[in-house]
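Subject: Structure handover

Hello,

Here is the structure we talked about. Please open it beside this email as you read.

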Protein chains: 2
Amino acid sequence: MALVVQKYGGSSLESAERIKRVAERIVDTRKAGNDVVVVCSAMGDTTDELSDLAQQVCPVPPQRELDMLLTAGERMSNALVAMAIHALGAQARSFSGSQAGVITDSTHGKARIIDVTPGRVRQALDEGYIVLVAGFQGVSQDTKDVTTLGRGGSDTTAVALAAALDADVCEIYTDVDGVFTADPRIVPDAKKLDAITYEEMLEMAGAGAKVLMLRCVEYARRYGVPIHVRSSYSKKPGTTVAGSMEAIPVEQAMITGVAHDRSEAKITVINVPDHPGEAAQVFRAVADAEIDIDMVVQNVSHLSTGRTDITFTLPRSDGPRAVAVLEKQRQKIGFEQVVYDEHVGKVSLIGAGMRSHPGVTATFCEALADAGVNIEIISTSEIRISVICRDTQLDDAVRALHEAFDLGGEEQAVVYAGTGR
Amino acid sequence: MALVVQKYGGSSLESAERIKRVAERIVDTRKAGNDVVVVCSAMGDTTDELSDLAQQVCPVPPQRELDMLLTAGERMSNALVAMAIHALGAQARSFSGSQAGVITDSTHGKARIIDVTPGRVRQALDEGYIVLVAGFQGVSQDTKDVTTLGRGGSDTTAVALAAALDADVCEIYTDVDGVFTADPRIVPDAKKLDAITYEEMLEMAGAGAKVLMLRCVEYARRYGVPIHVRSSYSKKPGTTVAGSMEAIPVEQAMITGVAHDRSEAKITVINVPDHPGEAAQVFRAVADAEIDIDMVVQNVSHLSTGRTDITFTLPRSDGPRAVAVLEKQRQKIGFEQVVYDEHVGKVSLIGAGMRSHPGVTATFCEALADAGVNIEIISTSEIRISVICRDTQLDDAVRALHEAFDLGGEEQAVVYAGTGR
């Protein structure tokens, strides 16, 4: 008997009808002879609606209370799925994150899981129940308060439970068929990948692929939990995320896919004194405001002035705050100007095969040049090349790279509406 | 510094606007120098909406899961009120029933509180916080599952917390100004009572007055918690429920008010063999189906046949089930027929003063006769007279009794729409 952990996103649960269909799939998995643990996101737009309500009563709601509010969403969907399973004649019990032993630190709004003690889950499984666990939530080890795990939190809950229960697989049900070589909404012949390593998936997620969140993949990699990303709306196999790229023979390594990201902005700090430590002051100011930066370029110093320009990218949502923080330090750091640019996009090529194919960077740059896309910043890792370009050219860039590396399949990809959490 | 427990009903919390007004009242109470613990019901119709959703996925949802679902409502309203308090510059923390130490038995759907261990509530008060506790919910001592307390559960939560914290008063905020001598929607000059004893309030609640639920009053009486029933929409004092009628000098005791109840039905079991134990079989059959009966009459036996008729009242919602249960036992018990009648109403007169005024029953019956109301069943306690009449005559009966005992005030009572849980 295998132990399967399944996670269903909010769009798969947005109505009573959809909840019933999810229940059928869960009961089928049980009937096939598996122990089943299910993690549910909140129904449809529940989380957004609750956030709106919070805004109406308090412009900046305290995070502890926001967590108490938002976690109600997953408790509700969880209990409803348990009832729908009951209606099909099977037995289910739902647990809150706290009851399921999801122990976190006290960082409300984006708590990290520090332990999972699923004693009650295990016992219910042993008694023959299908177990439902509310996703996205835990309980703080120190304060015993309810916490939330932040974006993609339900995926992380599922992977963490799979690790703690030593599950055979963690199935993430979503509104796409799996992980694709590119976003099928941009590249119609994008191909579904059957398998991808943790490292490649990490780079894809970090480069903007939304199908899995970075933290969930990191967690799965650390504990060796195989993830199966698949569609809630079909029975077709999806994409298996497992294994290390170190284990793949070099000659079999390939280019995996193209990812893109529209959520970044670019800041250029002009005429920074080019002395040791000046650049550090720029980054320290931004870091102290708890803003994560992504790509960084420092231009060669202008020899005549002894000054240089520093450019970096960051989440667009943090942009205005970063500009304000830097403006405050202008005198102290001694730069001339901060230029803020929201009209950028990032496109990345990912693949373990890059290591063994020296021509990849050249092909990459030629493909973009042929498509008329100007590269503003370029950065690389062992298995990834990313560039910043104009946002208006981003779709062209994705298509050009996808074609240049011959990633397309033979059939059209199926695109569903909506997206889960 | 006094410790005040406040409870707000669902209609007082049905929108962001109303939540803000409730928060203002709470902060005012705090600023007046009190420690404040607040129990909130779910917003507006949340509980009904969640029950509907449950019905859609499962015709008879398991009670454990229904409790998990419904308790989300109070967690949400609670957290939102905490945020609204924060927006006013005060500090608040919300707790679930479980976090607040509301320990119950395992009877999902109508659990009884068996202990309250409010350690975290006390600590938060000591740290200067206003404390919010989700009403209507607790945690089972045996299974550690989430339970609900049934109808009026949030009132009971408030009273139980007030008892455990040794609070100075438990304020129940509702959509009426207090406890009235009769329902102001039927009797326009009904008078708000300034004070009422626990015994009288118990009889009023048991006789159908909806302002406080029976269990909550029982709890308050047992632990001597003074209740102040008042309106969420005005600053006027309401009705204090406190003290024993034993402590009131006989000459000061009065007639308290008239209560009515439209929720009962009447069953008559015809030609039951009049041997010892036959009537008991009728009541045992109904009790085994967990149906509570209210008033009972057994007619004098027909000497010629040795048979008798048994009549009783019960909640209308249990009526069809009771009939089915009795029909099944017809052969065994040996009666002739079950007659079911939904078109009945109950009117009751309550007051400690009844004990010392022997003419009350006579005046009561005369008043109903003068109003053309026929009495079908009559039952009395030390401080209450109740009768069953036709439902179409119920309003007339209430008005006739209110006038005969001179209970009216000088001003029109104010009636608000809606009702809390």
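Below is what was found in it, topic by topic. Please keep in mind that this is a predicted model.

**How the two chains relate**

Start with the overall arrangement. Chain B superposes on chain A after a rotation of 180°, with 0.1 Å of shift along the axis. The RMSD of that fit is 0.1 Å. The two copies are therefore related as by a two-fold rotation axis. To find the axis from chain B, go to B:Ala72. Its C-alpha is the one in chain B nearest the axis, at 2.6 Å.

**Salt bridges**

Side chains of opposite charge can pair when their charged atoms come close. A search of the whole structure gives 50 salt bridges over all chains. Three pairs are described here, followed by a network.

A:Asp28 pairs with A:Lys235, with 3.6 Å between the closest N and O atoms. This pair links distant parts of the chain, 207 residues apart. A:Asp28 is in helix H1 (residues 16–31) of chain A. A:Lys235 is in the loop between strand S11 (227–231) and strand S12 (239–241) of chain A. A:Asp28 has 40% relative accessibility, so it counts as partly exposed. A:Lys235 has 62%, so it counts as exposed.

A:Glu199 forms a salt bridge with A:Arg221, and here too the closest N and O atoms are 3.6 Å apart. A:Glu199 sits in helix H6 (residues 198–206) of chain A and A:Arg221 in helix H7 (residues 214–223) of chain A, so the pair ties together parts that are 22 residues apart in sequence. A:Glu199 counts as buried because its relative accessibility is 11%, under the 20% cut-off. A:Arg221 is at 40%, so it counts as partly exposed.

In chain B, look at B:Arg64 and B:Asp145. Their side chains meet in a salt bridge of 2.9 Å, N to O. B:Arg64 lies in helix H3 (residues 63–87) of chain B, and B:Asp145 lies in the loop between strand S7 (137–140) and strand S8 (146–148) of chain B, so the bridge ties together parts that are 81 residues apart in sequence. Are these two partners buried or exposed? B:Arg64 is buried, at 10% relative accessibility. B:Asp145 is buried as well, at 2%.

Now the network. Salt bridges that share partners join A:Arg64, A:Glu65, A:Asp145, B:Arg93 and B:Arg120 into one network.

**A negative patch**

On the surface, A:Asp45, A:Asp48, A:Glu49 and A:Asp52 form a negative patch. A:Asp52 belongs to helix H2 (residues 46–57) of chain A. A:Asp52 has 48% relative accessibility, so it counts as partly exposed.

**Positive phi angles**

Two residues are worth a look for their backbone.

A:Lys144 is not a glycine, yet its phi is positive, about 60°. Where is A:Lys144 found? It is in the loop between strand S7 (137–140) and strand S8 (146–148) of chain A. A:Lys144 is partly exposed, with a relative accessible area of 48%.

B:Asp166 is not a glycine either, and its phi is positive at about 55°. Its place is the loop between helix H5 (153–164) and strand S9 (169–174) of chain B. B:Asp166 counts as exposed, because its relative accessibility is 65% and the cut-off for exposed is over 50%.

**Two loop residues and their distances**

B:Val225 is in the loop between helix H7 (214–223) and strand S11 (227–231) of chain B. B:Val225 is buried, with a relative accessible area of 4%. From B:Val225 to B:Ser386 is 161 residues in sequence. In space, C-alpha to C-alpha, the two are 28 Å apart.

A:His275 is in the loop between strand S14 (264–273) and helix H8 (278–288) of chain A. A:His275 is partly exposed, at 48% relative accessible area. A:Pro315 is 40 residues away from A:His275 along the chain. Their C-alpha atoms are separated by 28 Å.

Best wishes

Note on methods. Residues numbered from 1 in each chain as written. Chains lettered and ligands numbered in written order. Predicted model: local features only at pLDDT ≥ 70, side-chain atom pairs only at ≥ 80, totals over all residues. Heavy atoms only, no water. Patch = residues over 30% accessible without salt bridge, like charges linked within 9 Å, V, L, I, M, F, W, Y side chains within 5 Å. Areas by Shrake-Rupley, 256 points an atom, 1.4 Å probe, with all protein chains shown as cover. Salt bridge = Lys/Arg side-chain N within 4 Å of Asp/Glu carboxyl O. Lys, Arg positive; Asp, Glu negative; His and termini not counted. Charge placed at Lys NZ, Arg CZ, Asp CG, Glu CD. Helix = DSSP H or I, 4+ residues; strand = E, 2+ residues; numbered from the N terminus. Buried < 20%, exposed > 50% of the residue type's maximum accessible area, 1.4 Å probe, protein only. Least-squares fit on C-alpha atoms with pLDDT ≥ 70 in both.
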